Amino acid sequence: MKDALAEVRSEALVRKLPEIRRVNADEAEIEQALRVLLKDQPGGADKISKFRKLAECHEYDLTRQILAIRNEKILFACMFACNPGRTAFVLMSPSCRAGLDDAQAGAFVEALKQLTEWAFAGGVNLLQMLVTPDDQGRYELGLRAGFEKLTDLVYMARTISAGCFNALIPVGCEWVSYDSEIHNVFRDVIASTYQDSLDCPELASRRDMEDVIAGHKSVGDFDSSCWNMLLVDGRPAGVVLCTPLAEGNAADLTYMGLVPEARGHGLGRLLVNRGLANAWRLGMECLTLAVDVRNENAYELYRSCGFQEVLRRTVLMYPHKPHL
């Protein structure tokens, strides 16, 4: 009798625990999974079609999803989207923390763990997740799955007009645009700007510089004339990488940095002005950027150049490749 009761209880527990598996490669289930994945995202009825267009543009594989399913209903979905430079970001559906029991939470964490293993097995070298600062549900599930908080990013923007920047450069300074013949010089100078940088310094040792450059190029519609290296008395002092975005009449200040010996001489403002001038030259109306909240000097520089804070996101990073 006891054995029978134990078996009944075991079966009941099995029925209660969600099934964890990859999404089926058929349009019906992918559509259902996307509805769960994007449940709390803005956009109304069009958000699924908009996300599909974004995925098509960036070649995201919509089958790279792990689901938690119970009674044939998708309770939870998570997905990784790969970008050039062997990076990927993780999306996950809202966790409904208020009504989440331990069994569901454990299942959702397991789904995220399986997703990270899948991503790294596929060649990803850096896995990140962005959450809003008030999204405790996703944040805590991410931590339980092995992610760690990297930092908070401040996203900023400003409109561009003819008089909003100074295109003049001091005597002894010169701009050099990127091309394939000086690719290695750009790569090495960018690497030098990482020394003692306050912008996500934890990432400096994790990524190959060729991956970094590939990632920067993929931000939008790469234009080599907008990637500039600053020379001071003939020596590389820093870089500013500006990228026209694929959508909207805007460009992104993808990266700017100075080598250690060039800091503290007011050259940062020169780099920002170059980014604004490039965006203006291309007919853009807005320039955007993201800065590590810990980099107070850069944040104040951008504010003094007319940039305003738009939003903040907490960055979670998987700290190492899981044992596969």
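User: Where is Leu 127 found in this predicted model, and why is Leu 127 called buried?

Analyst: Happy to start there. Leu 127 is found in strand β5. Its relative accessibility is 0%, and buried means under 20%, so Leu 127 counts as buried. Setting aside residues up to four places away in sequence, Leu 127 touches ten side by side in this list: Phe 80, Ala 88, Val 90, Thr 116, Ala 119, Phe 120, Phe 147, Leu 316, Met 317 and Tyr 318.

User: What makes β5 and β12 a pair of strands?

Analyst: Pairing asks for at least two bridges, and four bridges join β5 to β12, which run antiparallel. For one residue in detail, the bridge partner of Val 131 is Thr 314 in β12.

User: What makes β1 and β7 the edges of the sheet?

Analyst: The sheet is open and has twelve strands, in the order β1-β2-β3-β4-β5-β12-β6-β11-β10-β9-β8-β7, with mixed pairing. β1 (19–22) and β7 (173–177) each have a single partner strand, so one side of each has no neighbour in the sheet. From one strand to the next, the twist averages 25°.

User: How do you know that the buried residues of α5 are on the same side of the helix?

Analyst: In helix α5 (residues 136–144), the buried residues are Gly 137, Arg 138, Leu 141 and Gly 142. They cover an arc of only 125° around the axis, so they lie on the same side of α5. What they pack against is α2 (27–37), β3 (73–83), β4 (87–92), α4 (102–121), β5 (126–131) and β12 (308–317). The helix lies across β3, β4, β5, β6 (148–159) and β12, and runs at about 30° to β12. Just after α5, Gly 146 takes a positive phi of about 110°.

User: How do you know that Cys 164 and Cys 305 form no bond?

Analyst: A disulfide needs two cysteine sulfur atoms within 2.5 Å. The closest cysteine sulfur to that of Cys 164 is in Cys 305, 9.5 Å away, so the two are too far apart for a bond. Cys 164 is also buried, with a relative accessible area of 16%.

User: And what about Cys 226, how far away is the nearest cysteine sulfur?

Analyst: The sulfur of Cys 242 is the nearest, at 5.1 Å, and Cys 226 is in no disulfide. With a relative accessible area of 0%, Cys 226 is buried. The structure as a whole holds zero disulfides.

User: Why does His 216 count as buried?

Analyst: Its relative accessibility is 13%, and the cut-off for buried is under 20%, so His 216 counts as buried. This residue sits in helix α7 (residues 209–217). Leaving aside neighbours within four places in sequence, His 216 is in contact with Tyr 194, Trp 227, Leu 241, Thr 243, Thr 254 and Tyr 255.

User: Which residues have the most contacts inside the largest nonpolar core?

Analyst: They are Leu 287, Tyr 302 and Phe 307, in a core of 49 residues. Helix α8 (residues 267–281) gives the most to this core, with seven residues. Not counting residues up to four places away in sequence, Tyr 302 touches Met 156, Leu 253, Met 256, Val 272, Leu 289, Val 291 and Phe 307. A second, separate core has 26 residues, including Ala 88, Trp 118, Val 124 and Phe 147. In soluble globular proteins, nonpolar side chains tend to be buried together.

Notes: Residues numbered from 1 in each chain as written. Predicted model: local features only at pLDDT ≥ 70, side-chain atom pairs only at ≥ 80, totals over all residues. Heavy atoms only, no water. Core = buried A, V, L, I, M, F, W, Y, C linked by side-chain atoms within 4.5 Å. Buried < 20%, exposed > 50% of the residue type's maximum accessible area, 1.4 Å probe, protein only. Helix = DSSP H or I, 4+ residues; strand = E, 2+ residues; numbered from the N terminus. Contact = heavy atoms within 4.5 Å. Arc of directions from axis to C-beta. Axes fitted to C-alpha atoms, helices over the stretch in contact; angles between N-to-C directions.
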